[in-house]
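I opened this notebook to keep track of what I looked up in one structure, entry by entry. The entries take up empty space, strands, aromatic rings and a few single residues.

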Amino acid sequence: MSDVTRLSVFKTYKLYVGGKFPRSESGRVYEVSDSKGNWLANVPLSSRKDARDAVVAARKAFGAWAGATAYNRGQILYRIAEMLEGRREQYIREVADAEGLSKSKAAAQVDAAIDRWVWYAGWTDKIAQVVGGGNPVAGPFFNLSSPEPTGVVTIVAPQESSFLGLVSVLAPVIATGNTAIVVASEKAPLPALSLGEVLATSDLPGGVVNVLSGRTAEIATPLAAHQDVNAIDLAGADDVLAKELEIAAADNLKRVLRPQPVDDWSATPGIDRMTAFLETKTVWHPTGSLGASGSSY
């Protein structure tokens, strides 16, 4: 047996939709190369049908995920960090290949991404206290404002920061009870597709996060126009595509988070990406002897 050459087992990358790992319904794939042009893998080239399937999965999962306790969501986000810690070496290799980084720089990116899951896990049961509360009113009544998730959010993942940037835009969306459809970096999708494997084994309900790979414009455009998508984060869209997606998003009332001129994904995050996809519900209630039931709007 010593003179037998062992063949490598190449990894098959698949989409992550509804908690499952389908290939694109189109049967198409495209080649992904490292920073030096060396072949890394063939990955699914998602179609419009894949995008629609992801919306259906995200909408189906939304009610239960939005209704879960904030504490439970925090536990699940922390579990994601635990699972990533156990697969740290794999992600260091994938990020190094994807972004042309040294092993030490890739390790710093991966460690920051893991820490970011922990950071947002700690915010799940605190954000309501920061952005909600009692409001001063003049009259025999009081009102309370509380945040609620917007709904199904499409995320155009950063093109250059294939893992840390991805986590930085995804974690705050699901931390606040939204469900997500991620359009992975077109040139470096492998870390995003591998993340699906972690999410599937970290107690996150199927459909809360859905990951698509392929041509960014081909996938993102129908998602921006989809009537059952409530919001879109344009973090990874260039100026031309961002404008096209904003126009497509105007087909229905959709919240749009525009790309920032400079996004330093290594910087300590604030709460702006959580509040970007929250709505405020205000409940009014009479005081004293009126005793009527309150109303909300």
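**Entry 1: the cavity**

I began with empty space, and the largest cavity came out with a volume of about 40 Å³. I note at once that the model is a predicted one. When I asked how many cavities of 30 Å³ or more the structure holds, the count was 1.

I then looked up the residues around the largest cavity and found a lining made of Val-32, Ser-33, Leu-40, Glu-94, Asp-97, Ala-98, Lys-187, Ala-188, Pro-189, Leu-190 and Pro-191. The elements that give two or more residues to this lining are E1, H3 and helix H7, which covers 190-200. H3 supplies the largest share of the lining, with 3 residues. Sorting the lining residues of the largest cavity by character, I got 7 nonpolar, 1 polar and 3 charged.

**Entry 2: strands E5 and E6**

How many residues of E5 are buried? I found 5 of its 5 residues buried, so that E5 is mostly covered by the 20% limit on relative accessible area. I reminded myself that in a regular strand the side chains alternate between the two faces of the sheet. In E5, Val-152, Thr-154 and Val-156 point one way while Val-153 and Ile-155 point the other way, and all are buried.

Next I followed E5 to its neighbour, strand E6 (residues 179-183), and saw that the two run parallel and are joined by 5 bridges. At one of these places Val-156 has Val-183 in E6 as its bridge partner.

**Entry 3: strands E3, E4 and E10**

I turned to strand E4 (residues 141-149), which pairs with strand E3 (residues 133-135) in the antiparallel sense over 3 bridges. Gly-134 has Leu-144 in E4 as its bridge partner. The hairpin of E3 and E4 has 5 residues between the strands, and in this hairpin I noted that Gly-139 takes a positive phi near 150°.

E4 also pairs with strand E10 (residues 278-286), again in the antiparallel sense, and here the pairing extends over 9 bridges. I wrote down that Pro-149 stands opposite Leu-278 in E10.

**Entry 4: aromatic rings**

I went on to the aromatic rings, where the count comes to 5 aromatic pairs. Which kind of pair do Phe-10 and Trp-39 form? Their ring centres are 5.9 Å apart and their planes stand at 75°, so I entered the pair as edge-to-face. The two residues are 29 residues apart and link distant parts of the chain, with Phe-10 in the segment before strand E1 (29-33) and Trp-39 in strand E2 (residues 39-44). I found Phe-10 exposed, with a relative accessible area of 62%, and Trp-39 partly exposed, with a relative accessible area of 41%.

The pair of Tyr-91 and Phe-163 is stacked, with 4.8 Å from centre to centre and 20° between the planes. This pair, too, links distant parts of the chain, since Tyr-91 lies in helix H3 (residues 88-99) and Phe-163 in the loop between strand E5 (152-156) and helix H6 (164-175), 72 residues apart. Are these two rings in buried or exposed residues? Tyr-91 counts as buried at 1% relative accessibility, and Phe-163 also counts as buried at 1%.

I recorded one aromatic cluster formed by Trp-119, Tyr-120 and Trp-123. I also noted a charge over a ring, where the charged end of Arg-215 sits over the ring of Tyr-30 at 4.5 Å from its centre.

**Entry 5: single residues**

Where is Asp-203 placed? I located Asp-203 in the loop between H7 and strand E7 (209-212), and I noted its positive phi of about 75°, although it is not a glycine. Asp-203 is exposed, with a relative accessible area of 57%.

Last, I looked up Val-173, which is found in helix H6 and counts as buried at 0% relative accessibility. The C-alpha atoms of Val-173 and Ala-276 are separated by 8.6 Å, while the two residues are 103 residues apart along the chain.

Key: Residues numbered from 1 in each chain as written. Predicted model: local features only at pLDDT ≥ 70, side-chain atom pairs only at ≥ 80, totals over all residues. Heavy atoms only, no water. Phe/Tyr/Trp six-rings, centres within 6.5 Å; stacked < 30°, edge-to-face > 60°. Helix = DSSP H or I, 4+ residues; strand = E, 2+ residues; numbered from the N terminus. Buried < 20%, exposed > 50% of the residue type's maximum accessible area, 1.4 Å probe, protein only. Lys NZ or Arg CZ within 6 Å of the ring centre and 35° of its normal. 1 Å grid on protein atoms, 1.4 Å probe; cavity = no way out; pocket = protein on both sides within 12 Å on 5 of 7 lines; lining within 4 Å. Points joined across faces, edges and corners; volume = space filled by probe spheres on them. Nonpolar A, V, L, I, M, F, W, Y, C, P; charged D, E, K, R; others polar. Pairing = 2+ DSSP bridges.
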